[in-house]
Amino acid sequence: MTCLLPRLYSFRRCPYAMRARLGILFARLQVELREIVLKNKPAQMLAISPKGTVPVLQLSDGTVIEESREIMEWALEQQDPQTLLDIKTLIQANALIDKNDNEFKYWLDRYKYADRHPEMTQEQYRKQGEVFLQVLEELLTENPYLLGDKVSIADIGIMPFVRQFAHVDREVFYSLDYPNLQQWLIKWLEHPLFLQIMIKYQPWQENDDVVVFPPSLKDLN
Ligand SMILES: N[C@@H](CCC(=O)N[C@@H](CS)C(=O)NCC(=O)O)C(=O)O
């Protein structure tokens, strides 16, 4: 049977893949999900995206989108019932995601794997990462979401990375003086769409039945 759904190669715990899956859910779309194992990437994925990172989305016309931001944007350009791509905040959203991807992620990786980067201590790496957390805390002092009173692409694009930072050492994270950011993160961790993207799937193997993600659009709220 030919499957006309876009096909998403994904990895459950990857923050880039998380933002792509959130984009798909907020857009109320369905995709064919192929969960992968990073150490054993399927040849089918490498054939369409030799750079070998997830997420990768292959559209039914063969187009390949291999950057998580572009996947979020593509999804929300198809349908955006909650206007996450609000034109009023788009420039600011993009600037914030740039900061996340180009600066915060660098310090996050070093904070998470400090033993592999002995040039600085883990605490020093954390403090470097906190420069971005302070920016987010400031924004959340004024509003429940990063760019206002409703969710934007900035929230779903950044949340998986703040989660990863918090989970390096939850006790430390929740002892820091970022009350609004902590609240925001907790709300996201409990969000029905976040819970949906974190459901576990077995790694895809050739000849498996198609896995549709999400299985139904009915229960999404
Ligand atoms: N710029 C890419 C980065 C994606 C990325 O680095 N994903 C990681 C997993 S979180 C990956 O696939 N790494 C390849 C590997 O570990 O082999 C995007 O935004 O999609």
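Helices (H or I, at least four residues) and strands (E, at least two) are DSSP runs here, numbered from the N terminus. With that in hand, welcome to the tour; please keep in mind that the model is predicted.

**Stop 1: two domains**

Begin by colouring the two domains. Select 7-81 together with 195-213 for domain 1, then 90-189 for domain 2, as the domain assignment of the protein gives them. If you place a marker at the C-alpha centre of each domain, the two markers will lie 24 Å apart. Where the domains touch, domain 1 brings nine residues to the contact and domain 2 brings seven residues.

Stay on the domain 1 side and look at the elements that face domain 2. Helix H1 (15-26) and helix H3 each supply at least two residues of that side. Which helix provides the largest share of the side of domain 1 that touches domain 2? Select H1: six residues of that side come from this helix. Coloured by class, this side of domain 1 shows six nonpolar, one polar and two charged residues.

**Stop 2: helix H3 and what surrounds it**

Now select residues 68-78, which make up H3. Show the side chains of Ser 68, Ile 71, Met 72, Glu 73, Trp 74, Ala 75 and Leu 76, the buried residues of this helix. What do the buried residues of H3 pack against? Add H1, strand S3 (56-58), strand S4 (64-65) and H6 to your view, and you have their partners.

**Stop 3: where H3 meets H6**

Keep H3 and bring up helix H6, residues 153-168. The two helices pack at an angle of about 145 degrees, and their axes are 11 Å apart. The crossing of H3 past H6 is right-handed. To see the contact itself, show Arg 69, Met 72 and Leu 76 on the H3 side, and Ile 153, Ile 156 and Gly 157 on the H6 side. By class, the residues of this contact are four nonpolar, one polar and one charged. Met 72 and Leu 76 deserve a second look, since both appear in this contact and both are among the buried residues of H3.

**Stop 4: the nonpolar core**

Leave H6 on screen and turn to the largest nonpolar core, which has 58 residues. Select Ala 154, Ile 156 and Ile 158, the residues with the most contacts inside this core. Which element gives the most to the core? H6 does, with nine residues. Why does the core lie between the domains? Domain 1 and domain 2 both give residues to the core, so it lies between them. As background, nonpolar side chains in soluble globular proteins tend to be buried together.

Zoom in on Ile 158. Setting aside its neighbours within four places in sequence, Ile 158 is in contact with Leu 96, Ile 97, Asn 100 and Leu 146.

**Stop 5: Ile 91**

For a change of scene, select Ile 91 in helix H4, residues 90-112. Is Ile 91 buried or exposed? Ile 91 counts as exposed because it has 9 C-beta neighbours inside 10 Å, and the cut-off for exposed is 12 or fewer. Draw a distance from the C-alpha of Ile 91 to that of Leu 4: they are 33 Å apart in space, and 87 residues apart in sequence.

**Stop 6: the loop between H3 and H4**

Thr 83 sits in the loop between H3 and H4. Its phi is positive, about 45 degrees, although Thr 83 is not a glycine. With 15 C-beta neighbours inside 10 Å, Thr 83 counts as partly exposed.

Move on to Asp 86, which is also found in the loop between H3 and H4. Asp 86 has 17 C-beta neighbours inside 10 Å, so this residue counts as partly exposed. Its C-alpha is 9.5 Å from that of Val 151, although 65 residues separate the two in sequence.

**Stop 7: backbone details**

Select Arg 28, in the loop between H1 and strand S2 (31-35). Phi of this residue is near 55 degrees, a positive value in a residue other than glycine. Arg 28 counts as partly exposed, with 15 C-beta neighbours inside 10 Å.

End with the prolines. Pro 55 lies in the loop between helix H2 (43-48) and S3, and the peptide bond leading to it from Val 54 is cis, with omega near 5 degrees. Pro 214 is in the segment after strand S5 (212-213); the peptide bond from Phe 213 to Pro 214 is cis, with omega near -10 degrees.

Key
Residues numbered from 1 in each chain as written. Predicted model: local features only at pLDDT ≥ 70, side-chain atom pairs only at ≥ 80, totals over all residues. Axes fitted to C-alpha atoms, helices over the stretch in contact; angles between N-to-C directions. Left-handed = near helix turned anticlockwise from the far one by under 90°. Contact = placed C-beta atoms within 7 Å. Nonpolar A, V, L, I, M, F, W, Y, C, P; charged D, E, K, R; others polar. Core = buried A, V, L, I, M, F, W, Y, C linked by C-beta atoms within 7 Å. Buried ≥ 20, exposed ≤ 12 C-beta atoms within 10 Å, placed from the backbone. Domains from an automatic or database assignment.
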